[in-house]
Amino acid sequence: MYESRIQRTGIVDLGSNTSRLVVFAYQPGRSFRLIDEIREPVRLGESLGRSGTMSQAGMERAAAALRLYAKYREAMHLEDLRVIATSAVRDASNREEFLEMVRPFGLPIDILSGEEEAALGVLAVANGFPMEEAWVMDLGGGSMQISRMRDRIFQTGQAYPLGAVRLYEAFLSSDPPDDAEVEALERKAAAELGSTVERMRDESCPLVAMGGSIRNLTRAVQKKNNYPLDRIHGFFLQRGELETITYKLLHLRASQRSSIPGIHPDRGDIIVAAALVYRWLLRQTDRDGIWVSGQGVREGAFYRIFLPPPHSVGDIRAFSVRNLFAQFPQSEFHTQQVRHLALRLFQELSPLHDLGQSDSELLEASCWLHDIGMTLGYHDHHKHGAYLVESFNLNGFTHRQQALLALLVRYHRKGTPKWKRLKALARPGDKRKLRQLSCCLRLAEFLERSRGGRVRDLRAEISGPDVTIFCQGQENPFIELWETRKQSDLFEKAFKKKLVLEYEAQKEAVPASRS
């Protein structure tokens, strides 16, 4: 990212259970990154379901958090910081008292309607998943938003009084909850969501969930199963796994639930209420699972700042790759040359593989990112780059695709490509796929060894046990040919053919006539 053009904005999501400040650095419409985050448990929605008001203790905790954010804005010279308030402030009869309490901090507070909150959730999904249609759900502390996304645009949605704090206080007084309490909570969900669930059954597009509760449930499932990728966004939480974790939560006391790996201590009591709602929904809609979003209302609000209307990127995968590249920029000339040669190899070697368009796109993404580890230093930059690719949220890519992409970067210069600790994400045939794509990337990297574009193009001839690759350019690329021949073993393992490299002089292009 180019420092002279960077802008910063802070967004506070003042929820019914937690309050979180996030700060983004960004170039409008081009690239962004999260640069800071502060999370404070406030439980602002406690007692709201019973009394219709925010408790004095809850308001004081929320006010302390907002005072902290105001001090942060001052210390960090952050000119743009805005607060979005959701269910607790929206629904409480004493909200004016709370707003007067926090007015001295000088923070602009936007109290979202249920529909506005739902629309921001859809915007987060539209920019986070490569799907055109979805039911989007956001179960917070005070309410649950359910929205219909159609053609990546918010169609309709509203808030329901089914937040985890609200339901826990209203129905789950025993510790652990008893069967009668669970049944009462499920009757409440049925009363609120009856007609919506009927639509969800009829319109069988994917379900996408966001919010702290679903993230905690997902993380608990991942830790139980030793999931190899440290990533929540884009995880498909299977119904069977949700049933299992919900059953476990129902038979533990709140203090015991807090100790489950993946469950945040301040959610130990209310997490079971959220799990029951999601379990009930999956049962009623007969879905086999739910997609989990790592993005939510905060990111939806940011996209309205970052992108012009309709506030969505065109190609999610391509944007995610370029966004990561922008944060660890390398020579674009070299990157484009490697990209060109790798895709030409992919095309020329097509008789030897059964890879498709999605594989070509994955190879192209690896070309963009193969050298980003150089930002940390030359030595082991392939490992640094793989770590970066594995660690960042690359929206639009499945976890398996992101693992493949990280491995392509890991093996772009040396080593025998292997899945190793990520093998749980691999499918049948992925061992061969990894080798073939890695071979295309690595040959392209070494055919651009001098970083001067000496190999301008190439073609391949497949004859018997050999594959001859003719490297075209204005001069003999001696260095490139020498270095690339060292990769013959990888080529033979990937394509079961022997590699032969030859130089083929490329004629100088004749300038077009200006007559």
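The largest cavity in this predicted model is lined by 26 residues. Asp13, Asp138, Gly140, Gly211 and Gly212 are the lining residues that lie nearest its centre. A mixed sheet of six strands and two helices packed against it, H7 and H8, are described after the cavity.

**Cavity**
- The volume of the largest cavity is about 350 Å³.
- With a threshold of 30 Å³ or more, the count comes to one cavity.
- By residue class, the lining of the largest cavity contains 16 polar, seven charged and three nonpolar residues.
- Two strands, E2 (18-27) and E6 (134-139), and two helices, H8 (212-224) and H12 (297-306), each supply at least two residues of this lining.

**Sheet**
- The six strands form an open sheet with mixed pairing, in the order E8-E7-E6-E9-E11-E10.
- Strand E8 (153-160) and strand E10 (235-238) each have a single partner strand, so one side of each is left without a neighbour in the sheet.
- On average, neighbouring strands of this sheet are turned by 25 degrees against each other, direction ignored.
- Strand E7 (residues 144-150) runs antiparallel to E8 and is joined to E8 by seven bridges.
- Arg150 has Ile153 of E8 as its bridge partner.

**Helices on the sheet**
- Helix H7 (residues 179-202) lies across E6, E7, E8 and strand E9 (207-210), and runs at about 155 degrees to E8.
- Helix H8 packs on the sheet and touches E6, E9, E10 and strand E11 (289-292).
- The direction of H8 makes about 80 degrees with that of E10.
- Both H8 and strand E6 also supply at least two residues each to the lining of the largest cavity.

Note on methods: Residues numbered from 1 in each chain as written. Predicted model: local features only at pLDDT ≥ 70, side-chain atom pairs only at ≥ 80, totals over all residues. Heavy atoms only, no water. 1 Å grid on protein atoms, 1.4 Å probe; cavity = no way out; pocket = protein on both sides within 12 Å on 5 of 7 lines; lining within 4 Å. Points joined across faces, edges and corners; volume = space filled by probe spheres on them. Helix = DSSP H or I, 4+ residues; strand = E, 2+ residues; numbered from the N terminus. Nonpolar A, V, L, I, M, F, W, Y, C, P; charged D, E, K, R; others polar. Pairing = 2+ DSSP bridges. Axes fitted to C-alpha atoms, helices over the stretch in contact; angles between N-to-C directions. Contact = heavy atoms within 4.5 Å.
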